[in-house]
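Grab the model and work through these exercises at your own pace. Each one sets a task and then walks through a solution.

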Amino acid sequence: MRIGIVCYPTFGGSGVVATELGLGLAKRGHEVHFITYKRPVRLSHFMTNIYYHEVNALDYPLFEYTPYDTTLASKLVDVIKFEKIDLLHVHYAIPHATIAFIVKKILETQGIRIPVVTTLHGTDITLVGADPSFAPVVEFSINQSDGVTAVSRDLKDDTLRYFNISRDIRVIYNFIDFDRFRKIDKEHFKKALAPDGEKILIHTSNFRKVKRVDDVIHIFQKVIQQVPCKLLLIGDGPERQRLEEICRKIKVCEHVRFLGKQEAIEELLAVSDLFLIPSENESFGLAALEAMACHVPVISSNAGGLPELNLDGTSGFVHPVGDIEGMAASAIRLLKDETLLDQYRKQAFERAREFDIDKILPQYEDYYMEVMKG
Ligand code: GMT
């Protein structure tokens, strides 16, 4: 197939899933065209059947906001016609599902049918999409897609709860590529980060309020009173300054490392003992899956699709949102008992294997075929 992929190319789960999906499809012999405003972060090396089309929005003094949507639509019309794309897969409903609808209509006037699949990733429904400033357009655009997928059952349910959806929504979970995410030996990293053999707790996110990174710090504050440990905070975002201030206030700075955005997350996961993800809302939790693939058990909240991934008492522990006491107690229990920690490491890895790219990717291929058959 010739597949067009539209996504947000920056750091963030939806862009990562879209890029890894494209790379996986290309490896399986499909021709994949990425149409984005910037080269996706994980698309750094050359592959014969991967193509990249950059969308350059024209700046003009009249525009207070550059009309990126129009430029993207025009680029898509051009790429779909010229490259003879069979199917367009857009990631994150806003504005991509809407643009896809416009493109479809334009191409229809030229006798070209382009099936569109929209993948809902989470905040495009729960946080942003349901806002009245977007909702009617999001609902309309989802209904106009030829196929719709959601990254968890919970996100599907939320979508049906928030919107009046006439389409079936297929659940296709996030996935992981074990060629990249696996336990690697990075002992020298471990020595540098935890010179006295301290345990390492890790959190990666875009530091937005929805991630409740302050809970991570407060959990850590409780854990360090009982287990010598360090906390790695990976990523960046609007909450960073406030979080640094919390660390100063509760005097844990010397044990907490803010490492900013990192590309080789797997190297940091390789030296970590426990992953914390106490989110308020999380459609799936790709970051937790990456940790599990590297044999790192997860302490999570029960928000959204997290319990569909992190099995309480198997791959880690699940607690209600905001239950700092409970999450800290589970963390202490695991970190104090090396045998139990080892058992959870294995179980986390086994759970991650259920989301192997080789199992999930064919689900997309089958779905594309169904959608193309109409
Ligand atoms: O908010 C983020 O975590 C980024 C966001 C995105 O769209 O880039 O991630 C969402 O999509 C990921 C991939 O499908 C999911 O694994 C994340 O759980 C989801 N984030 C939220 O729902 C908050």
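**Exercise 1. Split the chain into domains and describe where they meet.**

Start with the assignment: it gives domain 1 as 2–175 + 356–372 and domain 2 as 187–353. Keep in mind that this is a predicted model.

Next, the spacing. The C-alpha centres of domain 1 and domain 2 sit 31 Å apart.

Now count who touches whom: 21 residues of domain 1 are in contact with 16 residues of domain 2. Putting the two domains together buries about 1,400 Å², and carbon and sulfur atoms give 56% of that area.

Last step, look for charged pairs across the boundary. The number of salt bridges between domain 1 and domain 2 is zero.

**Exercise 2. Find the residues at the heart of the largest nonpolar core, and say which domains feed it.**

A bit of background first: in soluble globular proteins, nonpolar side chains tend to be buried together.

Here the largest nonpolar core has 75 residues, and Ile50, Leu269, Phe275, Leu289 and Tyr368 touch the most other members. Domain 1 and domain 2 each supply at least three residues to this core.

Then check for another cluster. There's a second, separate core of 32 residues, with Phe220, Leu233, Leu335 and Tyr344 among its members.

Finally, zoom in on Ile50. Leaving out residues up to four places away in sequence, Ile50 touches Gly22, Leu23, Ala26, Val32, Phe34 and Leu43.

**Exercise 3. Check the length of helix H3, then work out what its buried residues pack against.**

Begin with the length. Helix H3 covers residues 93–108, which is 16 residues, and at 1.5 Å a residue it should span 22 Å. The C-alpha atoms at its ends are 21 Å apart, so expectation and model agree.

Now sort out the buried positions in H3: Ala93, Ile94, Pro95, His96, Ala97, Ile99, Ala100, Phe101, Val103, Lys104 and Leu107.

What do they pack against? The partners are strands E1 (2–6), E4 (87–91) and E5 (116–120), plus helices H2 (68–83) and H4 (135–144).

**Exercise 4. Compare three salt bridges by position and burial.**

The general idea is that side chains of opposite charge can pair when their charged atoms come close. The count for this model comes to 26 salt bridges, and three of them make good practice.

*Step 1: a pair inside one helix.* The Lys105 and Glu108 side chains meet at 3.1 Å, N to O. Both belong to helix H3, three residues apart, about one turn of the helix. An α-helix has 3.6 residues a turn, so residues three or four places apart point the same way. Lys105 is partly exposed because its relative accessible area is 39%, and Glu108 is likewise partly exposed at 44%.

*Step 2: a pair far apart in sequence.* Lys199 and Glu338 form a salt bridge at 2.9 Å, N to O. Lys199 belongs to strand E8 (residues 199–204) and Glu338 to helix H13 (residues 338–353), so this pair ties together parts that are 139 residues apart in sequence. With a relative accessible area of 14%, Lys199 is buried, whereas Glu338 is partly exposed at 44%.

*Step 3: a pair straddling the burial cut-off.* Arg212 and Asp215 meet at 2.7 Å, N to O. Buried means under 20% relative accessible area, so Arg212 at 22% is partly exposed and Asp215 at 5% is buried.

*Step 4: a network.* Salt bridges with shared partners link Lys209, Asp214, Glu239 and Arg242 into one network.

How values were computed: Residues are numbered from 1 along each chain as its sequence is written. This is a predicted model: local features need pLDDT of at least 70, side-chain atom pairs count only at pLDDT 80 or more; totals for chains, interfaces and linings use all residues. Side-chain values use heavy atoms; hydrogens and water are left out. Helices (H or I, at least four residues) and strands (E, at least two) are DSSP runs, numbered from the N terminus. The expected span of a helix is 1.5 Å times one less than its number of residues. Buried means under 20% relative accessible area, exposed over 50%, partly exposed in between (1.4 Å probe, protein chains only). Contact means heavy atoms within 4.5 Å. A nonpolar core is a set of buried Ala, Val, Leu, Ile, Met, Phe, Trp, Tyr and Cys residues joined through side-chain atoms within 4.5 Å. Domain bounds come from an automatic or database domain assignment. Buried area is the accessible area (1.4 Å probe) that two parts lose on being put together, summed over both. A salt bridge is a side-chain nitrogen of Lys or Arg within 4 Å of a carboxyl oxygen of Asp or Glu.
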